[in-house]
Amino acid sequence: MTAIATDESRQQQEAPSIASDAAKPAGKQLATRYDARAKVTGAAKYATESRPPADPVYAFMVQSTIPSGRLLSIDQAAAIKSAGVLAVITPFNAPKLPLASPQPPARRHITVLQETEIFYNGQPIALVVARSMAEAMQAANLLRIHYQQTPAKLNFLDRLAEARPPKSPGREPATQTRGDVAAAMAKGTVTVDHTYTTPYQHHNPMEPHATLAWWEGEKLIVHDSTQYITGDKMAIARSLGIPLDNVRVECPYTGGGFGSKGSMWSHVVLAAMASKVVQEPVKLALERPQMWGPVGGRPATVQHIRLSATPDGKLMGVQHDVIVHTSVMEDFLEPSADQTRMLYSSEACGTTHKLVEMNLGVATFMRAPGESTGTTALETAMDELAVALKMDPVKLRLVNYAETDLGSDKPWSSKHLRECYEQAAARFGWSERNPEPGSTREGNQLIGWGMATATYPANRSAAQAMVRILPNGHALVACGSQDLGTGTYTIMAQTAGNALGIDLNLVEAQLGDSTLPKAPVSGGSQSAASIGPAIQAAAMEAKLKVAQLAIGDPNSPLHDAAIADVGASNGRLFLISRPSVSDSYVEILARAGGKPIEATGSAEPGEDHTAMSTHSFGAVFAEVAVDADTYMVRVRRVVATYDIGTLMNTTTGINQLEGGIVWGVSFALHEESHLDNTYGRYVNSNLAEYHVPVNADIGELDVTVLNIPDTKFNPLGARGIGEIGITGTAAAVGNAIFHATGIRVRNFPVTLDKLLKA
Ligand code: MOS
């Protein structure tokens, strides 16, 4: 695998840390990941590895084996007598919680042993608490559970006629129409009209959902594997009906999340409840099969796309109608048509989203919710249109390049997608492509080249941070954010160090504790873009305080200097007008009494934000080799170039994009949860049968970024990076398969049985 940032020299220059330089690219970078040593030595402690004040006991979550109905009874006589068992908690004996459950029409997101109604197969219906995990699981087998079963809503594809609009609006309206779609549709002479489907998928971070909870009097301490400690804290307090201040959530390391840990699920409340019941610290870690059901997943989608174009490729009418499965418990919408509103220019565009209720657990955000499934369908349809037009697929996209966001009728904060197409096409060698499907053969391998556009919104939320300069010249940066393996620690240290002019290796970063300054959910690709400016503001303020100490100190070479003339680098403050005049943090603080200096900072999107459309973009090119006899598909290489604003850190940033692309290949070829439509369980709920790519499935990855700062979006110029990599990739691979074979598979994943059947 190769990973090249296009402008590394600019990245590695040390930017002088003065306020006016805030808009420059990321400055000096940590040579490696901040948390690398802790991770590889095992010093990094994940949720259930933390040390509670007393030896913890173990809780095992017992799940419903029917998809719909009612619990009649749970006979726990044998289980409670089983070795090591401390408690068996069921809806018949569980502490009653005030559960501020959402009001109808939305029902509830989680179940925590407060009702006997069964909404899905896999719903938590009891908790066995024992001295060891083995004893808890053993006792769970002894429970005698009686149900009354009712007919379940299970077969999604058979029930599309039941599709209805979402009960409450999401961030974007479910339905949007621009222009007269029917009239525009009629103007086009070349059309595409197809339905694309994407399957149930389940995130499987290596660290499953896991919680360790204990009580210290009225105070609840929760070590949880989460993407959002502040949200976790609020949800826990609300669910248990206890004051917010009585909950502390800690999560120094999250072993992957991908959206699944963006909201709180049943097991967190159950762990706290169990700890209250048995008066011991309780560990509750989900078993791998328990990851399919009670903790979300990506909903299945059916997407009908109609495109019409003039012979020169100009899009006239665009219509994208999406049906997504949801749970009878609560609506969750995967907004697969959202990108269709903004990605291309057209005369008119209509988009709709509808839901089909099912007896399944509530689905949730899964890497690029909306855009991952949506670009898979839209970018396949665009390829089909290019074939129908006999036009190069890159050219088709350039012909319909959106100079503004037509969906929201706003200008882009910054958009350089054209350069992405150019750069990625050049690196790939796209100009050599013979457009004829099946035209390129290497022995028995059919070679195909395909491409697609990638896009994901750039999000940003309010965040706070604290920076402390220590008398020994080191610094501490603290922010209640999370690091899911994404690089949050690294960019925190880097951002603070650059702003302070302190060596990045001397900066300690703290996150993952709800007592720290508040940060948003590490979801929606927004952490760096949200906390970066807050950290920078805090660091600037701390530096300013030290500068003022020096200016006011007759013994400082900086005495009486103008504040605007003070810069910082290499642990020293200096005069910008005369850099040889300087004073070190260590000496300034020593003369001022040897106390640390700290400052807090906050940042939030300005009002002008609502006047702009903020998105990241990219172009993805894929090469596949398909065996002419077996139709086994190999992705030989993926070349992608992204416009994501400033690349904050090459190591962590390029790795995020690569990870997204790998997942896109998985989406294209491998990944699917198979639902048993009679019993409502996923039958391949394990990592042996839920196929994800291994290294041998991923050929060469060539990822570059334009690294053009988007300073209208935030002072660092950095847009989100966590999710865009998965977008477009599945379509690029599918389009390459079509180019190799002439076979178009519209129901993902593109497995060889579907190719053989065609
Ligand atoms: Mo991301 S799916 O918003 O964690």
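A crossing of two helices is left-handed if the near helix is turned anticlockwise from the far one by less than a right angle, and right-handed if clockwise. I start there, with helix 8 (residues 371–389) and helix 15 (residues 729–741), whose axes come within 8 Å and cross at roughly 35°; axes here are lines fitted to C-alpha atoms, for helices over the stretch in contact, and angles run from 0 to 180 degrees between N-to-C directions. That crossing is right-handed.

Before going on, I should say that this is a predicted model, in which local features need pLDDT of at least 70 and side-chain atom pairs count only at pLDDT 80 or more, while totals for chains, interfaces and linings use all residues. Residues are numbered from 1 along each chain as its sequence is written, and side-chain values use heavy atoms, with hydrogens and water left out. Helices (H or I, at least four residues) and strands (E, at least two) are DSSP runs, numbered from the N terminus.

Back to the first pair: Thr-375, Thr-376, Glu-379, Thr-380, Asp-383 and Val-387 in helix 8 meet Ala-730, Ala-731, Asn-735 and Phe-738 in helix 15, where contact means heavy atoms within 4.5 Å. By class, that contact has four nonpolar, four polar and two charged residues, with Ala, Val, Leu, Ile, Met, Phe, Trp, Tyr, Cys and Pro counted as nonpolar, Asp, Glu, Lys and Arg as charged, and the others, Gly among them, as polar.

After helix 15 comes the loop that leads to helix 16 (752–757), and Pro-749 has its place in that loop. The peptide bond from Phe-748 to Pro-749 is cis, with omega near 0°.

The second helix pair is helix 11 (residues 488–500) with helix 12 (residues 527–551), packed at an angle of about 35° with their axes 8 Å apart, and this crossing, too, is right-handed. Which classes of residue make up the contact of helix 11 with helix 12? There are 11 nonpolar, four polar and one charged; among those on the helix 11 side are Ile-491, Met-492 and Leu-500, and helix 12 contributes residues including Ile-531, Ile-535 and Lys-543.

Helix 12 also lies across strand 22 and strand 23, running at about 120° to strand 22. These strands belong to an open sheet of three, in the order 22-23-24, with antiparallel pairing; two strands pair if DSSP finds at least two bridges between them. Strand 22 (566–569) and strand 24 (582–584) are the edge strands, each pairing on one side only, and the twist averages 25° from one strand to the next. Strand 23 (residues 572–575) is joined to strand 24 by three bridges, and Arg-572 stands opposite Ser-584.

Elsewhere, strand 3 (residues 69–75) has two antiparallel partners to show you. With strand 5 (residues 117–118) it pairs over two bridges, Gly-69 standing opposite Ile-118. Six bridges join strand 3 to strand 7 (residues 144–149), where Leu-71 stands opposite Tyr-147.

One backbone detail remains: Gln-279, in the loop between helix 7 (266–278) and strand 13 (282–285), has phi near 60°, a positive value in a residue other than glycine.
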